[in-house]
Amino acid sequence: MSTKTILSLAAAGIALAVAAPSFAGLNGTTVALACDIASKEFAGPVKVKNTTAGTLPIGKQITVVVQTATGNERETIVLKKKLLPGHVVSGSNTYQNTGRCAASLFYPKPAMKPRA
């Protein structure tokens, strides 16, 4: 296989990863976080607790999925300050007829160093 072919395949893989974020989880780690929302007619905001042993840095995005009577709704919380282990951050949405929720944080897989 020529060097040009290898580079073309690598570029195509990078383009696919950027174009399809749903595949991003295949190359990294998704960490589930504790999520709490009242189960009543109108509920919110969602509260997410850092259950990891590490501090989550500013700018990290937490995805929250809330199950409602009409289906699942998603909310993204962007951290404006560091979230220490055991601390809680709140979302901003209000939901109608809620059931339960799940929250997760995606850590991309570190880039592999080329072998010498």
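Here are a few worked exercises on the structure above.

The model is predicted, so local features need pLDDT of at least 70 and side-chain atom pairs count only at pLDDT 80 or more, while totals for chains, interfaces and linings use all residues. Residues are numbered from 1 along each chain as its sequence is written, and side-chain values use heavy atoms, with hydrogens and water left out.

**Exercise 1. The disulfide**

Find which cysteines form a disulfide, and work out its handedness.

Solution.
- Start with the cut-off: a disulfide is a pair of cysteine sulfur atoms within 2.5 Å.
- Cys 35 and Cys 101 pass, with their sulfur atoms 2.1 Å apart. The structure holds one disulfide.
- Next, the twist: the torsion about the S-S bond of Cys 35 and Cys 101 is about -115 degrees, so the disulfide is left-handed.
- Now place the ends. Cys 35 sits in strand 1 (residues 28–36) and Cys 101 in strand 8 (residues 98–108), so the pair ties together parts that are 66 residues apart in sequence. Strands (E, at least two residues) are DSSP runs, numbered from the N terminus.
- Last, check burial: buried means under 20% relative accessible area, exposed over 50%, and partly exposed in between (1.4 Å probe, protein chains only). Cys 35, at 21%, counts as partly exposed, whereas Cys 101, at 18%, counts as buried.

**Exercise 2. Thr 68 and its hairpin**

Describe where Thr 68 lies and what Thr 68 touches.

Solution.
- Thr 68 lies in strand 4.
- Strand 4 (residues 61–68) runs antiparallel to strand 5 (residues 71–78), and eight bridges join them; DSSP has to find at least two bridges for two strands to pair.
- A hairpin through two residues links strand 4 to strand 5. Further along, Thr 63 stands opposite Thr 76 in strand 5.
- Is Thr 68 buried or exposed? At 9% relative accessibility, Thr 68 counts as buried.
- A polar atom of the Thr 68 side chain lies 2.6 Å from the backbone oxygen of Gly 71.
- Not counting residues up to four places away in sequence, Thr 68 touches Glu 73, Tyr 95, Gln 96, Asn 97 and Thr 98. Contact here means heavy atoms within 4.5 Å.

**Exercise 3. The core**

Name the residues that touch the most other members of the largest nonpolar core.

Solution.
- A nonpolar core is a set of buried Ala, Val, Leu, Ile, Met, Phe, Trp, Tyr and Cys residues joined through side-chain atoms within 4.5 Å.
- Of the 18 residues in the largest one, Leu 33, Val 46, Val 48, Ile 62 and Val 64 touch the most other members. Strand 1, strand 4 and strand 8 each supply at least two residues of this core.
- Zoom in on Val 48: leaving aside neighbours within four places in sequence, its contacts include Leu 33, Ile 62, Val 64 and Ala 103.

Methods
Helix = DSSP H or I, 4+ residues; strand = E, 2+ residues; numbered from the N terminus. Polar contact = N/O pair within 3.5 Å; in protein donor to acceptor, adjacent residues only side chain to side chain.
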